[in-house]
Amino acid sequence: MDLGECPKVHDLALRADYENASKNKDYYYDVDAMEHLQAFIADCDRRTEAAKKRLAETQEELTAEVAAKANAVHELAEEIGKKLAKAEALGEAGQVEESMKLMSEIEELRSEKTRAEQEYRSSIPASTYQQQKLRVCEVCSAYLGIHDNDIRLADHFGGKLHLGFLAIREKLAELEKTAGPRQKELRKTGRDRDHEDRSRSRYVGGRELDRRSRALARSRDRKDTK
């Protein structure tokens, strides 16, 4: 999901100016940021649900018991992938002792996963087991396979896409705690004019289109229809 270059200005000096100015007046930029991220995550969640629906339609349906065993394998594999990615990051940061501790935990999880795989394999026909059972990552909506090896999973959970979505979700949760209550207040009391002007922009494909851009687009559309 490539949104391209951000159209906003990123400048630490401007950020400092804003922080000073916001002490005297609430500009609600954090509310804007929260709403922007909410739209972005809502789009990601829609993709996730659509992917789950496609899998449900295309993959062979399993009984509740077998599905539970498959999920157990998936969950252990994901836990291994996350810990392996973290262990690699710690090792690169020079925290060898912490990395080795995680590797010890990973070995225990691998043993659990082997037992879970044996239980899953024994509960279904061999032909069904060979099929790639997929599930959707709840964070970034990527597909994960039950037969993915540890390196593949570590690459996923330590990859820029997954970590980026994770950072966005964490930031959104933080903003919903700090800016969420003020958003409700604004809806009750009415937003100031500056905020209304900003909120009229629309979130389209990761970009914000302001009123002038939309007016130009409508003008071009009218010319095309003539």
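Trainee: In this predicted model, is Arg110 buried, partly exposed or exposed?

Mentor: The relative accessible area of Arg110 is 25%. A residue counts as buried under 20% and as exposed over 50%. Because 25% lies between these cut-offs, Arg110 is partly exposed.

Trainee: Which residue of helix α4 meets Arg110 in a salt bridge about one helical turn away?

Mentor: Side chains of opposite charge can pair when their charged atoms come close. Here the partner is 3 residues from Arg110 in helix α4, which means a separation of about one helical turn. The partner is partly exposed, at 42% relative accessibility. With a distance of 2.7 Å from N to O, the residue that meets Arg110 is Glu107.

Trainee: Which residue of helix α6 forms a salt bridge with Arg110?

Mentor: The closest N and O atoms of this pair are 2.6 Å apart. The pair links distant parts of the chain, 40 residues apart, with Arg110 in helix α4 and the partner in helix α6 (residues 150–157). The partner is buried, with a relative accessible area of 14%. The residue is Asp150.

Trainee: How many residues apart in sequence are the parts that Lys113 and Asp150 tie together?

Mentor: Lys113 forms a salt bridge with Asp150, and their closest N and O atoms are 3.9 Å apart. Lys113 lies in helix α4 and Asp150 in helix α6, so the pair ties together parts of the chain whose separation in sequence is 37 residues.

Trainee: Which residues are linked in a network of salt bridges with Asp150?

Mentor: Asp150 forms a salt bridge with Arg110, and Lys113 forms a salt bridge with Asp150. Glu107 is joined to Arg110 by a salt bridge. A search of the whole structure finds 16 salt bridges. The residues linked with Asp150 in this network are Glu107, Arg110, Lys113 and Glu117.

Trainee: Is helix α3 roughly parallel or roughly antiparallel to helix α4?

Mentor: Two packed helices are described by the angle between their axes and the distance between the axes. Helix α3 (residues 64–92) and helix α4 (residues 96–122) have axes 9 Å apart and pack at an angle of about 165°. Because an angle over 145 degrees counts as roughly antiparallel, α3 is, relative to α4, roughly antiparallel.

Trainee: How many nonpolar residues does the contact of α3 with α4 have?

Mentor: In this contact, α3 passes α4 in a left-handed crossing. By class, the contact has 2 polar residues and 11 charged residues. Its number of nonpolar residues is 15.

Trainee: What distance does α4 reach from its first C-alpha to its last?

Mentor: Helix α4 has 27 residues. Among its buried residues are Leu102, Ile106, Leu109 and Lys113. At 1.5 Å a residue, the expected reach is 39 Å, and the distance from the first C-alpha to the last is close to that value, at 39 Å.

Trainee: How far apart are the end C-alpha atoms of helix α2?

Mentor: Helix α2 (residues 29–58) has 30 residues. Its buried residues include Val31, Phe40 and Leu55. At 1.5 Å a residue the helix should span 44 Å, which agrees with the separation of its end C-alpha atoms, 44 Å.

Trainee: What percentage of the residues in the protein is buried?

Mentor: The protein has 10 helices and 4 strands. Of its 226 residues, the buried share is 28%.

Technical notes:
Residues are numbered from 1 along each chain as its sequence is written. This is a predicted model: local features need pLDDT of at least 70, side-chain atom pairs count only at pLDDT 80 or more; totals for chains, interfaces and linings use all residues. Side-chain values use heavy atoms; hydrogens and water are left out. Axes are lines fitted to C-alpha atoms, for helices over the stretch in contact, and angles run from 0 to 180 degrees between N-to-C directions. Helices (H or I, at least four residues) and strands (E, at least two) are DSSP runs, numbered from the N terminus. Angles under 35 degrees count as roughly parallel, over 145 as roughly antiparallel, 65 to 115 as roughly perpendicular and the rest as oblique. A crossing is left-handed if the near helix is turned anticlockwise from the far one by less than a right angle, and right-handed if clockwise. Ala, Val, Leu, Ile, Met, Phe, Trp, Tyr, Cys and Pro count as nonpolar, Asp, Glu, Lys and Arg as charged, and the others, Gly among them, as polar. A salt bridge is a side-chain nitrogen of Lys or Arg within 4 Å of a carboxyl oxygen of Asp or Glu. Buried means under 20% relative accessible area, exposed over 50%, partly exposed in between (1.4 Å probe, protein chains only). The expected span of a helix is 1.5 Å times one less than its number of residues.
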